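This report introduces a protein model to a reader who has not met it before. The sequence and structure are shown first, and the description follows.

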Amino acid sequence: MADILMTHSYHLYFDRKQVRKMQPYPPLGTLYAAALLRSAGLSVALFDTMLNDPEHGFQSALAEHRPRIVVVYEDNFNFLTKMCLTRMREVAYHILEASQGAGATVVVNGSDASDHALDYLRRGFRCVLLGEAEWTLLEVVQSLLKDSERDLTQISGLAYLHDGTGELVRTAQRPLTRNLDTLPLPARDLLDSEQYRAKWRAAHGFFSLNIVSSRGCPYRCNWCAKPIYGDTFSVRSARSVAEEMRQLKCELGAEHLWFADDIFGLRAKWVRELALEVENLDAAVPFKMQSRVDLMNVDNVRALRRAGCAEVWLGAESGSQKILDGMDKGTRVDQIASARENLRQEGIRACYFLQFGYPGETWHDIQKTIKLVRDTRPDDIGVSVSYPLPGTKFFQRVQAQLGEKTNWSDSEDLAMMFQGAYTNDFYRALHDALHAQVDSWNSYTTHAVKKEQPANPQPDELWKRVMQLEKTCRNPRPTVLDQFASEKLVQLQAPSPGTSFDELLNVLGS
C-alpha cells in the first residue's frame, strides 16, 4: 500500500512512429517529483505508462497500492508532452476515472493541463499543478493527507475550481527552482529498468537512459511552447551531472545517454567544466543532446567530445533566412553549415530538426531547405510541419483558422492545423522523400539507433511524387504574415514530375 501513486499519460504503443523507432525513455519528470515526495517521508509507488497497458495495468496498480492520492505528473522533459497529443489526454482522463472509482483524489501536472486547466478541472481533477511543480506537489499532497494545516487556496502554483461558484481560480505563481542541485536525483529504483533494457537491446543492441542537466531555454523562437519553464534557464553543477552519468554507467549499466535538456551547451565554461569532471570521474558515456547551431563553435564542440558527446540534434528548421527570421530564430543559415562541419571534424554526428509549412514559406524556400540538406548531408533528420501550440506568438497568429482538430493524435500525425501553402499530402510526401534521401546517404555508428523504414526505399520515386503534389496540393489562400504579404506564396515555375533530386534544385539558380 502507498499513500501516493505517481503516473503519467504517455504510452509508447499509442504512437505509431515511436513504436517503429523503439527508443523508450523513463518518465524523468515523474521520477523527479516522486523522489522529492519520498525525501519528505511520504510513501510513493509508480505506475509507468510508457511500456505498460494504461487500462488494465493501471487498474492492477490501483488494486495493489490502494493509494489515497493519484498524481498524473507528466514528464516535462519529453518533447512529446509539449505537443499535447490527444491520445495522452485520453489516457489522463481514463486514469482519472479509474482512480475516482477506487476512491482516490487525483491531481495533474503537464503542458496540456497547464494550457487547458479549466477542461481538466471540469473533468474531475482536484487541482492542476501549473508549470514546474515538484514543490507545489509536495505541499498539495501534504495538505490532502492532512500532514499540513494549509489548504489549497494557500498554495502557490495551483488552479482549482471555487467550491461555491465553480469558477476557475489560480493561486499566486510559484517561483522556479534556481538551484537545481537541491532536488534529489530521479527515483529510478521505482522503475522496472529491465523492461527498458530489453526493448533497447532488442531494437538497437545497446541500452540508453535519459538525464537532464538544465531546465528551460532563454531563446524566444515564436513557435516554441514554454508552459513549464518560460524563458528561464537554470543549470545543475557540472560535478553533479558527471556524478549522475557515472551512476547510470556503473550502477544501471547504461551504454548510451540522452540529455533531454531543451538546450545543451548554452554556457561554454560549464561545458568545459563538465568535460573535466567526466574525465576525473571516468564517467564518459556516449550521449546525444539537442542544441543550437550558433553554439556549436570549435571550442564548444571539442569540449563536448571530451565529455562523451556522440550526436547533436540541431534546431536548423529551414534553409531560408527569411523563414528563420520570421520564426525569430536568431540564427543564420550559414551557421548551420559551420556547425555541421565543426561537429564532423570531431567525429560527432550532426542531425537536423527541420520544419516546413511556416506561414509565408514558398516553394522557393522549401527548395532552399532541401538544398541545405543536400549540401551539408546531416547524419539524420527529423521533419515536421509548423504546429501551433497555445501560449506562442505563432498560435496567436493562426488561432482564428484552427478548427475542431487543434492537437495531433500522435507524433506521426503531421497534420497542418492552419492554411499553409500546401495541404497535408504534400508535406507528408516531402517528409518521406527527405528521410529516404538522407537514409540513402548515411551509414550509422555503434550508438546510432536504427532508423524507421521509409515507405518507399527509392528516393527518386518519392521526389517525383513530391513534384506531382507540389502542383496539385497548393492552397489557394495560404496564411500570410504581414512581413511576407507582398510575396507570391507559391512559385509557379516548378519543374516537371520527372525531375530528379539534383535537377529539382537547379531552379534555385534560375
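Which residue with a positive phi follows α8? In this predicted model, α8 is followed by K146, with a phi near 65 degrees.

**Two residues with positive phi**

Most residues other than glycine have a negative phi. K146 departs from this pattern, its phi being positive although the residue is not glycine. K146 is located in the loop that connects α8 (134-144) to β6 (158-161). Its relative accessibility is 69%, and because exposed means over 50%, K146 counts as exposed. In α8 itself, E134, T136, L137, L138, V140, V141 and S143 are buried.

R377 is another residue other than glycine with a positive phi. R377 lies in the loop between α15 (363-376) and β15 (380-385), and with a relative accessible area of 40% it is partly exposed. The table sets out the values for both residues.

| Residue | Phi | Relative accessible area |
|---|---|---|
| K146 | near 65 degrees | 69% |
| R377 | near 45 degrees | 40% |

**Overall form**

The protein contains 19 helices and 15 strands. Its radius of gyration is 23 Å, close to the 24 Å that the globule rule gives for 510 residues, so the protein is as compact as a globular protein of that length. Along the principal axes, the C-alpha atoms fill a box of roughly 75 × 55 × 40 Å.

Of the 510 residues, 59% count as buried. The accessible surface comes to about 20400 Å², and 47% of this belongs to carbon and sulfur atoms. Among contacts between residues at least 6 apart in sequence, 76% join residues at least 24 apart.

**The seven-stranded sheet**

One open sheet is built from seven strands in the order β2-β1-β3-β4-β5-β6-β7, and its pairing is mixed. At its edges stand β2 (44-46) and β7 (168-170), each of which pairs on one side only. On average, neighbouring strands of this sheet are turned by 25 degrees against each other, direction ignored.

Within the sheet, β3 (residues 69-73) and β4 (residues 105-109) pair in the parallel sense over five bridges. V70 has V106 in β4 as its bridge partner. Helix α3 (residues 56-65) packs on the sheet, where it touches β1 (4-7), β2 and β3; the direction of α3 makes about 160 degrees with that of β1. Helix α5 (residues 86-101) lies across β1, β3 and β4, and runs at about 175 degrees to β3.

**Nonpolar cores**

The largest nonpolar core has 139 residues, and those with the most contacts inside it are I4, M6, L137, M245, L274, M296 and F426. Helix α17 (residues 424-441) provides the largest share of this core, nine residues. Apart from it lies another core, of 26 residues, with L96, V106, A117 and L130 among them.

Which residues does M6 touch, not counting those up to four places away in sequence? The contacts of M6 are T30, A33, A34, L37, V44, A45, L46, F47, V71, Y73 and L137. One of these, L137, is also among the core residues with the most contacts, and L137 is one of the buried residues of α8, the helix that K146 follows.

Methods: Residues are numbered from 1 along each chain as its sequence is written. This is a predicted model: local features need pLDDT of at least 70, side-chain atom pairs count only at pLDDT 80 or more; totals for chains, interfaces and linings use all residues. Side-chain values use heavy atoms; hydrogens and water are left out. A nonpolar core is a set of buried Ala, Val, Leu, Ile, Met, Phe, Trp, Tyr and Cys residues joined through side-chain atoms within 4.5 Å. Buried means under 20% relative accessible area, exposed over 50%, partly exposed in between (1.4 Å probe, protein chains only). Helices (H or I, at least four residues) and strands (E, at least two) are DSSP runs, numbered from the N terminus. Contact means heavy atoms within 4.5 Å. Two strands pair if DSSP finds at least two bridges between them. Axes are lines fitted to C-alpha atoms, for helices over the stretch in contact, and angles run from 0 to 180 degrees between N-to-C directions. The radius of gyration is taken over C-alpha atoms; the globule rule is 2.2 Å times the number of residues to the power 0.38. Accessible areas come from the Shrake-Rupley method with a 1.4 Å probe; for residues, only the protein chains shown count as cover.
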